[in-house]
Amino acid sequence: MDEMRPSSGAAAHLGLASLFPPGLQAIYGECRRLYPDQANPLQVTAIVKYWLGGPDPLDYISMYRNMGCPGQDVPEHWHYVSLGLSDLYGDNRVHEFTGVEGPSGFGFELTFRLRREAGETAPPTWPAELMQGLARYVFQSENTFCSGDHISWHSPLDNSESRIQHMLLTEDPQMLPVQTPFGLVSFLQIVGVCTEELQAAQQWNGQGILDLLRGVHIAGGPWLITDMRRGETIFDVDPHLQERVDKGIETDGSNLSGVSAKCAWDDLSRPPEDEDDSRSICIGSQPRRLSDKDTEQIREALRKGLEINSKSVLPPISSQRHSHDRPQSRKDSLESESSAAIVPHELVRTRQLESVHLKFNQESGTLLPLCLRGRLLHGRHFTYKSINGDTAITFVSTGVEGAFATEEHPYAAHGPWLQILLTEEFADQMLADIQDLCTSEMSKLPKEYSWPDKKLKISVLPDTVFDSPLQ
């Protein structure tokens, strides 16, 4: 249970700064720079701190009244700042201290800007619970966030009937990175968006959609302020913006290189009772585990989608990536969500398959055109990582280096990780054949697509199929 109370920020002005943890002091200092007249803001605080066994990772969420900027047509709003994703204490009670040069804790705190309603005298507290939810995901998965990331929430952020049901992340327009005694902290701002805007970010890239949102006053304006009463998407306000998105996809492709998904695959070229079958779906048995090297490669493949490269490369299975920017116990930021730690299973050989059957739920299936048009036809790769286990399906183009699928053997599996290599000609053919995935007919499930000459079958199935223990 959280409670709302005035913070102790004022005490720091009274010469009691030594009573406060150094990491907390550093962030308070940046807040005081922006809000010198709000030294004692309201805070939502976890009654039982996370490091004492409480459920909420954020120790505090400070809430400020921001007067906006009339010169830039920025309205008055509430500004929320989290405290707890970074290392506040430096004594290893929450985060491992690894030195001043790297990131503090996860290296960032979350912020959120909510348009102030007329007559509103106190900030709503629901954004604090939203921020705690995101923080729980970060702590549990050890995946960090980056500017441009998108978050599929599938529910109004304030539990109302609002169209604002998803989020993008960007740098806070006012708060500057802070060097604390325990490392660097940056500030990532949550931006509420509609479903159509989320889909555009998936199909193109988050930064491109954020730029469009900044240009539409009711959608956020230059400071990207969330208005939960917004009833129109940016494409409703200005239909020409869809053309900019389409042009961006055509020119740049998509930066989304993978998603967590409800997905599965079957090897149709061997009997299901084969005990050595490494398919993802095994009725009555547990799926095989991905090796740590495979997991690292999939994670690296997903991370590559956040970078602009002239050549798409999958790291070799034998390689291990070490980050100098954060302790090795932290996972790199993904635009998609990834599973937690995976048990090593090193002695799995790569197998060439003759025929495969891919299975996706509806949400995953609607991303297949994006996979083909925005990724493979631009010489890139795209990965579906199962949320129900270690299953992974990676589509690769002929220009991707390091893949174990080849033009001679386009279907190859390494344990439960399947790679499918598609030539440009076949990708074009598939894209034409699955266009109805983007229409209202998509609601009629199951749907099946088959290419007998390629020995490939794809089924789009209801969620209940994947929720069943028998798959």
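How many salt bridges does the count come to by the rule used here? The count comes to 18, where a salt bridge is a side-chain nitrogen of Lys or Arg within 4 Å of a carboxyl oxygen of Asp or Glu. Before I go through some of them, please keep in mind that this is a predicted model, in which local features need pLDDT of at least 70 and side-chain atom pairs count only at pLDDT 80 or more, while totals for chains, interfaces and linings use all residues. Residues are numbered from 1 along each chain as its sequence is written, and side-chain values use heavy atoms, with hydrogens and water left out.

Let me start with the charged pairs. Glutamate 76 and arginine 65 meet through their side chains in a salt bridge, at 2.5 Å from N to O. Glutamate 76 lies in the loop between strand 3 and strand 4 (77-83) and arginine 65 in strand 3, so the pair ties together parts that are 11 residues apart in sequence; strands here are DSSP runs of E with at least two residues, and helices are runs of H or I with at least four, both numbered from the N terminus. Arginine 65 is partly exposed, with a relative accessible area of 30%, given that buried means under 20%, exposed over 50%, and partly exposed in between, with a 1.4 Å probe and protein chains only.

A second pair is arginine 230 with glutamate 197, whose closest N and O atoms are 2.7 Å apart. This one links distant parts of the chain, since arginine 230 sits in the loop between helix 5 (206-214) and helix 6 (234-237) and glutamate 197 in helix 4 (residues 195-203), 33 residues apart. Arginine 230 counts as buried at 5% relative accessibility, and glutamate 197 is buried as well, at 0%. Besides these pairs, Asp56, Glu129 and Arg136 are linked in a network of salt bridges.

Another arginine to look at is arginine 113, in strand 5 (residues 103-115), which counts as buried at 0% relative accessibility. Leaving aside residues up to four places away in sequence, arginine 113 touches a set of residues including His77, Asp172, Gln189 and Trp223, where contact means heavy atoms within 4.5 Å.

Now to the sheets. One open sheet has 4 strands in the order 11-13-19-18, with mixed pairing; two strands pair if DSSP finds at least two bridges between them. Its edge strands are strand 11 (263-267) and strand 18 (447-451), each pairing on one side only. Strand 11 runs antiparallel to strand 13 (residues 356-361), and 5 bridges join them, with tryptophan 265 standing opposite leucine 358 and alanine 264 opposite lysine 359. Although strand 11 is at an edge, 5 of its 5 residues are buried, so it is largely enclosed by the rest of the structure. Both of its faces are covered, with Cys263, Trp265 and Asp267 buried on one side and Ala264 and Asp266 on the other.

The other open sheet I want to show has 6 strands in the order 10-14-15-17-16-12, again with mixed pairing. Strand 10 (258-261) and strand 12 (350-353) stand at the edges with a single partner each, so one side of each is left without a neighbour in the sheet. Within this sheet, strand 16 (residues 411-414) and strand 17 (residues 417-422) run antiparallel and are joined by 4 bridges, and alanine 412 has glutamine 419 as its bridge partner in strand 17.
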